[in-house]
Amino acid sequence: MIIKNPSEVAVILELLSQAYPQAHCELNFTTPFELLVATVLSAQSTDQRVNKVTARLFAQHRTPAEFLRLSQADLEAEIQEIGLFRSKAKNILAACRALREEFGGAVPRTLPELMSLPGVGRKTAKVVLSNAFGIPALAVDTHVFRVANRLGLAQSTRVEETERQLEAVIPREQWIQTHHRLIWHGRRRCGARKPACEGCTLQAHCEYFCLEHRPK
DNA sequence: AACTCGGGGCA
DNA sequence: TGCCCAGAGTT
């Protein structure tokens, strides 16, 4: 197991905070419900495309009750420029019915309750918990998974285990910020295909960089 | 844990 | 055409 020790983890977290001091959720929302919808829409899409769609959508529909005035065909038309729009429209309306019938129209604040909603998996549920309610949660998506493993904050081929390792090694009060910084790093520099290692301030602490640049 | 689903954008 | 995009659900 090559997971880094607490002192080196602290150094990495500090370097990340210096590199991405402003890292934050880039989905636009004003209520927990809006974030829930935006996050469901963002799966296999980009926040830029999602924001474009939700700007129009949320101007007219802001609550489960208001969404339920839309037919599935209406909603599909509204979100058509986002991928997977058919299943997303169906899931969002089903989630709105569940919110109305099981949670009094409010977005629940626990992981199992959120995950019981159609179209809401572990990652989406954690994004809502952390960004809408400020409840510490570390969601592992493709960026977090890749970057955390490259940096040696985790060492696993499985998402669940990566999540446990990150939660063990990162102080709880830093989960939310760190989550955003790992994603920003993954998107802006440490991409899947060709990471821009040149000029990266994390080189000295990166297992991936060491592996690729080790003298043969 | 592996597999399936599934759509727009961009090279 | 092939690959990516801040996954979810089923087996």
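1. A good place to start is the largest cavity, which is lined by 13 residues, with His185, Cys190, Cys197, Cys200 and Cys206 lying nearest its centre. Please keep in mind as you look around that this is a predicted model. The volume of this largest cavity comes to about 90 Å³. By class, its lining has 10 nonpolar residues, two polar ones and one charged one; cysteine is counted among the nonpolar residues here.

2. How many cavities of 30 Å³ or more does the structure hold? There are two, and the second largest has a volume of about 40 Å³. Its lining is made up of Phe33, Leu36, Val37, Val40, Ile92, Ala95, Cys96 and Leu99. Helices α2 (32–42) and α6 (85–102) are the elements that each give two or more residues to this lining. Those eight lining residues are nonpolar, with no polar and no charged residues in the set.

3. Helix α9 (residues 142–151) also deserves a look. Seven of its 10 residues are buried, so the helix is largely enclosed by the rest of the structure. Here "buried" means under 20% relative accessible area. The buried residues are Val144, Arg146, Val147, Ala148, Asn149, Arg150 and Leu151, and you may like to find the two arginines, Arg146 and Arg150, in that list.

4. Finally, the two ends of α9. At the N-terminal end, Asp141 acts as a cap, with a side-chain oxygen 2.9 Å from the backbone nitrogen of His143. After the helix comes Gly152, which has a positive phi, near 80°.

Conventions: Residues are numbered from 1 along each chain as its sequence is written. Chains are lettered from A and ligands numbered from 1 in the order in which they are written. This is a predicted model: local features need pLDDT of at least 70, side-chain atom pairs count only at pLDDT 80 or more; totals for chains, interfaces and linings use all residues. Side-chain values use heavy atoms; hydrogens and water are left out. On a 1 Å grid over the protein atoms alone, a cavity is a set of points where a 1.4 Å probe fits but cannot get out, and a pocket is an open set with protein on both sides within 12 Å along at least five of seven lines; lining residues have an atom within 4 Å of a point. Grid points are joined across faces, edges and corners, and a volume is the space filled by probe spheres set on the points. Helices (H or I, at least four residues) and strands (E, at least two) are DSSP runs, numbered from the N terminus. Buried means under 20% relative accessible area, exposed over 50%, partly exposed in between (1.4 Å probe, protein chains only). A polar contact is a pair of N or O atoms within 3.5 Å; within protein, one must be able to donate a hydrogen and the other to accept it, and residues adjacent in sequence count only if both atoms are side-chain atoms.
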